[in-house]
Amino acid sequence: MTRLTGRALRVTIFIGENDIWHHKPLYSEIVHRARAAGLAGASVFRGIEGFGASSLIHTSRLLSLSEDLPVAVVIVDTEERVRAFLPQLDDLVSEGLVILDDCEVIRYVAREAKQGETGKEGKK
């Protein structure tokens, strides 16, 4: 397990829910590549409304239901590891926004594995 405390770097990738990479959701590809790169963690958040460079508003409101809601993928790790991962994002993200923020990790603790569980895919 990666240990992470103190100074860190957060990368946030803003994309659309319908963005695809080789027939699979782009957000999923980013998360799987982050895991393969050994980064501390990644989370995907689905927005209820937003707009980007195109200024087109995407919303989940019933009267103007969008099928391409905003999605944010957030990854936190050491600056060195995050910056090493950025070239992969250059290859993956053709539309969207990628930002970096300095942050401080106060607590990063894994759930203790129960008997019969593996660290990779959950239960055996």
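Biologist: Over how many bridges do strand 1 and strand 7 pair in the antiparallel sense?

Modeller: The model is predicted, so local features need pLDDT of at least 70, side-chain atom pairs count only at pLDDT 80 or more, and totals for chains, interfaces and linings use all residues. Residues are numbered from 1 along each chain as its sequence is written, and side-chain values use heavy atoms, with hydrogens and water left out. Strands here are DSSP runs (E, at least two residues), and helices likewise (H or I, at least four), numbered from the N terminus; two strands pair if DSSP finds at least two bridges between them. Strand 1 covers residues 6–16 and strand 7 residues 70–77, and the number of bridges is eight.

Biologist: Which residue of strand 7 is the bridge partner of Gly 16?

Modeller: Strand 7 pairs with strand 1 in the antiparallel sense. The bridge partner of Gly 16 is Pro 70.

Biologist: Which strands stand at the edges of the sheet?

Modeller: The open sheet has four strands in the order 4-7-1-8, with antiparallel pairing. Two strands have a single partner strand each, so one side of each is left without a neighbour in the sheet; they are strand 4 (42–46) and strand 8 (97–105).

Biologist: What angle does the direction of helix 1 make with that of strand 7?

Modeller: Helix 1 (residues 26–36) packs on the sheet, touching strand 1, strand 4 and strand 7. Contact means heavy atoms within 4.5 Å. Axes are lines fitted to C-alpha atoms, for helices over the stretch in contact, and angles run from 0 to 180 degrees between N-to-C directions. The angle is about 5°.

Biologist: Is Thr 12 buried or exposed?

Modeller: Thr 12 lies in strand 1. Buried means under 20% relative accessible area, exposed over 50%, partly exposed in between (1.4 Å probe, protein chains only). At 7% relative accessibility, Thr 12 is buried.
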